[in-house]
Amino acid sequence: MFHSLLNKLSRKVIFTGLLTTTLLASPLLIAKGVYQSGPDFVAEVFAPAQPEAGVLWFNDDIRQQAEKILGHRVLGLRVRYHQSGAKTAWILNEIGKEMPITIGVVVDRGKISTVKILAYRESRGGEVRYPAYMAQYQGATLTDRYKLDKSIDGITGATLSVWAVNKVAALALYYHSQVMSKPEAKE
Amino acid sequence: MRSSNPAKTNIIWHRRLGLSLFVLLIFLAISGIALNHSPAFKLNKISLSNSWLLSWYGLEKPPINAFKLDNKWLYESGNNLLYVDGQSVAPCTAPLLSVANGTNTLFALCADTLHLLTNNGQLLESYSQLDGLPGNTGSIAAAGNTLYLLTDSAVFEFNPDSLELKPSPEMDPASLNPITDPQLLPDSLEQQLEKNAASISLETLILDLHSGRFFGQFGVLVMDIVGLLVCILSITGLLAWISRLRQIKQ
């Protein structure tokens, strides 16, 4: 009688322990990963329209300003984007702590309409991909000092990832402004 | 005949211990002073890249995957960077699998990314698996302005201008001759790589020798015994001094 009671109690303790461990470990376990491919992201944000692919070549001014926004050297001589009317989509990489985060940004008429983490490779700080956090970027524009005009709330333990997303959002707004200032750009 | 005088036995053992530990104690004293003033001596800035030492620490030199293309050397050496003639141009997950020479573009295929470079080795842009690069792409071959990506079971035609990728079932992989065999990197470029390669700082080496960790758990145990012997040395020295004082008083 006593033994069966003890067995039931120990089973409950083990079950509760396992459940707590799983719940505590789950954010760490699912922080890393590829969530969406670039082509899928583009298709999703422009659906049902068919966007046109474009290339923004870096001249000295664009490179200098992009490097000022990111705070480091910009790799490559050009960047790809997709466009439909006054809406552009950019897929950019930026290092969080040690690994690059792939971020998709959609800019519509100079305002951010979507920011999405497509791939997160760091082991910690993946909370930046949560929709509630990403929603903060909606409607953000670029100030004269090439910063976001909205204050974005940080996330404890994901500060470097938050900074990376902020920089990429500002960079996409800047690239968008450069595309739109081209003579052939469609408004 | 063995001496039964405790004072004499004490002195004999003090002498034996002192002589046995002499070299070790000098080394521990000097290394301790050096570690105490490590920032001033800049010991952490002095890098040691001796191959025996690196191998002792488990830091084996990674293999270099180098290819000569259009009089340029494209290579990586396990540090996740693609180099062109000594300049790091892009991140590159090892290994660098294959390279190809297009009309106006050089191509370098790393484990998960295809890099497009200008003829003078500047990075144009990168095309990753996230953008659509087939995951099992093992080699590349260029024909004019078209690049062919070869996987285990298929050939894809890649347009470097539009980044469009489409299957090319009629293309015979055997006719493409992709460059996949690494070549020997010239000494000058290899030496340049070694300067930036993994190394051990002099501070780490001295600290590990001082603590005995350099020789693993055995070394730590030896240093523990040395510590105990130093305590015994101090006690026997003190006892010798006391017995000497007594002799003087008598």
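In this predicted model, the secondary structure of chain A amounts to five helices and six strands. Followed along the sequence, these elements of chain A come in the pattern α-β-α-β-α-β-β-β-β-α-α. Of the 187 residues in chain A, 29% are buried. Contacts that link distant parts of the sequence can also be counted: among the contacts in chain A between residues at least 6 apart in sequence, 63% join residues at least 24 apart.

Helix packing in chain A comes next. Two packed helices are described by the angle between their axes and the distance between the axes. For helix 3 (residues 60-70) and helix 5 of chain A, the axes come within 9 Å and cross at roughly 160 degrees. An angle over 145 degrees counts as roughly antiparallel, and helix 3 and helix 5 of chain A are therefore roughly antiparallel to each other. The crossing of helix 3 of chain A past helix 5 of chain A is right-handed. On the side of helix 3 of chain A, the residues that meet the partner helix are Ile62(A), Gln65(A), Ala66(A), Ile69(A) and Leu70(A). Helix 5 of chain A answers with Lys167(A), Ala170(A), Leu171(A), Tyr174(A) and Gln178(A). Sorted by class, the residues of this contact are seven nonpolar, two polar and one charged.

The loop between helix 4 (131-134) and helix 5 (159-180) of chain A holds Ala158(A). Is Ala158(A) buried or exposed? A residue counts as buried if 20 or more other C-beta atoms lie within 10 Å of its own; Ala158(A) has 23 such neighbours inside 10 Å, so Ala158(A) is buried. Leaving aside residues up to four places away in sequence, Ala158(A) touches Gly125(A), Glu127(A) and Val128(A). Of these partners, Val128(A) is 30 residues from Ala158(A) in sequence, yet their C-alpha atoms are 7.1 Å apart in space.

Tyr146(A) also lies in the loop between helix 4 and helix 5 of chain A. How exposed is Tyr146(A)? With 15 other C-beta atoms within 10 Å, Tyr146(A) is partly exposed.

The backbone of Tyr146(A) deserves a look as well. Most residues other than glycine have a negative phi, and most peptide bonds are trans. Tyr146(A), although not a glycine, has a positive phi of about 60 degrees. In chain B, Asn71(B) is not a glycine either, and its phi is positive at about 65 degrees. Asn71(B) is found in the loop between strand 2 (65-69) and strand 3 (72-76) of chain B. Here the surroundings hold 6 C-beta neighbours inside 10 Å, so Asn71(B) counts as exposed.

Cis peptide bonds appear in both chains. In chain A, one such bond joins Ala47(A) and Pro48(A), with omega about 5 degrees. Pro48(A) sits in the loop between helix 2 (38-46) and strand 2 (52-57) of chain A. In chain B, a cis peptide bond joins Ala94(B) and Pro95(B), where omega is about 0 degrees. Pro95(B) belongs to the loop between strand 5 (87-91) and strand 6 (98-101) of chain B.

Turning to the overall layout of chain B, the chain is divided into domain 1 (6-57 + 199-249) and domain 2 (65-195). How far apart do the C-alpha centres of domain 1 and domain 2 of chain B lie? The two centres are 54 Å apart.

Chain B also offers a helix pair. The axes of helix 1 (residues 6-36) and helix 5 (residues 202-211) of chain B come within 10 Å and cross at roughly 140 degrees. Helix 1 and helix 5 of chain B are therefore oblique to each other, and helix 1 of chain B passes helix 5 of chain B in a left-handed crossing. Helix 1 of chain B contributes Leu28(B), Ser31(B), Gly32(B), Ala34(B) and Leu35(B) to the contact, while helix 5 of chain B contributes Ile206(B), Leu207(B), Leu209(B) and His210(B). This contact of helix 1 with helix 5 of chain B has six nonpolar, three polar and no charged residues.

Finally, the two chains touch each other. The contact takes 13 residues from chain A and eleven residues from chain B. On the side of chain B that touches chain A, strand 9 (residues 123-128) of chain B gives the most, with four residues. By class, the residues on that side of chain B are five nonpolar, four polar and two charged.

How values were computed
Residues are numbered from 1 along each chain as its sequence is written. Chains are lettered from A and ligands numbered from 1 in the order in which they are written. This is a predicted model: local features need pLDDT of at least 70, side-chain atom pairs count only at pLDDT 80 or more; totals for chains, interfaces and linings use all residues. Two residues are in contact if their C-beta atoms, placed from the backbone, lie within 7 Å. Helices (H or I, at least four residues) and strands (E, at least two) are DSSP runs, numbered from the N terminus. Ala, Val, Leu, Ile, Met, Phe, Trp, Tyr, Cys and Pro count as nonpolar, Asp, Glu, Lys and Arg as charged, and the others, Gly among them, as polar. Axes are lines fitted to C-alpha atoms, for helices over the stretch in contact, and angles run from 0 to 180 degrees between N-to-C directions. Angles under 35 degrees count as roughly parallel, over 145 as roughly antiparallel, 65 to 115 as roughly perpendicular and the rest as oblique. A crossing is left-handed if the near helix is turned anticlockwise from the far one by less than a right angle, and right-handed if clockwise. A residue is buried if 20 or more other C-beta atoms lie within 10 Å of its own, exposed if 12 or fewer, and partly exposed in between; C-beta atoms are placed from the backbone. Domain bounds come from an automatic or database domain assignment.
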